[in-house]
Amino acid sequence: MSGQTLTDRIAAAQYSVTGSAVARAVCKATTHEVMGPKKKHLDYLIQATNETNVNIPQMADTLFERATNSSWVVVFKALVTTHHLMVHGNERFIQYLASRNTLFNLSNFLDKSGSHGYDMSTFIRRYSRYLNEKAFSYRQMAFDFARVKKGADGVMRTMVPEKLLKSMPILQGQIDALLEFDVHPNELTNGVINAAFMLLFKDLIKLFACYNDGVINLLEKFFEMKKGQCKDALEIYKRFLTRMTRVSEFLKVAEQVGIDKGDIPDLTQAPSSLMETLEQHLNSLEGKKPGNRYMDLHVNLLYFEACS
């Protein structure tokens, strides 16, 4: 399966005859060749998402059809191509995916053709769950966390507390689905899974920037919140700390496989005094022993600003 198979050529030819250039490009991006989708085919599909006369549902359906193939190579490349278009294509592509009731149904996918097929099938199941979650997040938020503006005047930093408390669990869910890809350096053995890993890595950097922005916003507004909101915010912050460890583990894999250190954020554990500050304030709202509300808060916010 090192090159295009006769099946690949026939499929592409069929779409040439019917005049569907987009479907032909999808076929060429998702051949049996054990390598990532070729840039020229991805670029063509990205441009197609910007053309008003291109049928986005038909493009998506062709990708879903390719994902029903029995070969792990074709299915994995269909997922990589879809992910690439979600990231780099016109936003109407991810909007369409978010509007669908069903997306990839690969929870039971298994290529039994050999040991490599078994190994890659595991990552296909995990990867498809993440893409489904990415589309689901868009449906709930009406924007892509990875695409929105970051920083002091970004979406998550300027969000009002009520919306922020609803948005953070959605963002956490997407990050969890990404981290569940859970690959080790010695498992990145071919160009297909490597292409998926790079897309996941780039998504994680953007998602974590949003996550960090959201935490800064929560901390800045924490002492103005009502008791119930403070409880929710504290739980979100606790979950953030546990995810920081898992994010760091993912980034270590990225470093080990040769991704430039300059592209990898340096994550260090948040100061422990912050948790004490938040818990003391919540205790005071619940009528328990009051603490120093603002102890070390400014220092701790500077820590999160440095991580942005």
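With which side chain does the side chain of Asn50 make a polar contact? The path to the answer starts with the chain as a whole and then moves to single residues.

The model is predicted. Its chain holds 12 helices and 0 strands. Reading from the N terminus, the order of elements is α-α-α-α-α-α-α-α-α-α-α-α. The chain has 308 residues, and 52% of them are buried. The accessible surface amounts to about 14300 Å², and carbon and sulfur atoms supply 51% of that surface. Among contacts in the chain with a separation of 6 or more, 76% are between residues 24 or more positions apart.

Asn50 can now be placed. Helix 3 covers residues 39-49 and helix 4 covers residues 56-66, and Asn50 sits in the loop between these two helices. Is Asn50 buried or exposed? Neither word fits: its relative accessibility is 39%, so Asn50 is classed as partly exposed. The limits behind this class are under 20% for buried and over 50% for exposed, with partly exposed in between.

Leaving aside residues up to four places away in sequence, Asn50 touches Asn90 and Arg92. The side chain of Asn90 is the one asked about at the start: the side chain of Asn50 makes a polar contact with it, at 3.0 Å. Glu91 gives a further distance for this part of the chain. Asn50 and Glu91 are 41 residues apart in sequence, while their C-alpha atoms are 8.8 Å apart in space.

Two other loop residues deserve a look for their backbone angles. Most residues other than glycine have a negative phi. Which phi does Ala142 have? Ala142 is not a glycine, yet its phi is positive, about 65 degrees. Ala142 belongs to the loop between helix 7 (115-141) and helix 8 (161-179). With a relative accessibility of 57%, Ala142 counts as exposed, because the limit for exposed is over 50%.

Asp182 is the second of these residues. Its phi is also positive, about 45 degrees, although Asp182 is not a glycine. The loop that holds Asp182 runs between helix 8 and helix 9, the latter spanning residues 191-221. The relative accessible area of Asp182 is 45%, and therefore Asp182 is partly exposed.

Terms used: Residues numbered from 1 in each chain as written. Predicted model: local features only at pLDDT ≥ 70, side-chain atom pairs only at ≥ 80, totals over all residues. Heavy atoms only, no water. Helix = DSSP H or I, 4+ residues; strand = E, 2+ residues; numbered from the N terminus. Buried < 20%, exposed > 50% of the residue type's maximum accessible area, 1.4 Å probe, protein only. Contact = heavy atoms within 4.5 Å. Areas by Shrake-Rupley, 256 points an atom, 1.4 Å probe, with all protein chains shown as cover. Polar contact = N/O pair within 3.5 Å; in protein donor to acceptor, adjacent residues only side chain to side chain.
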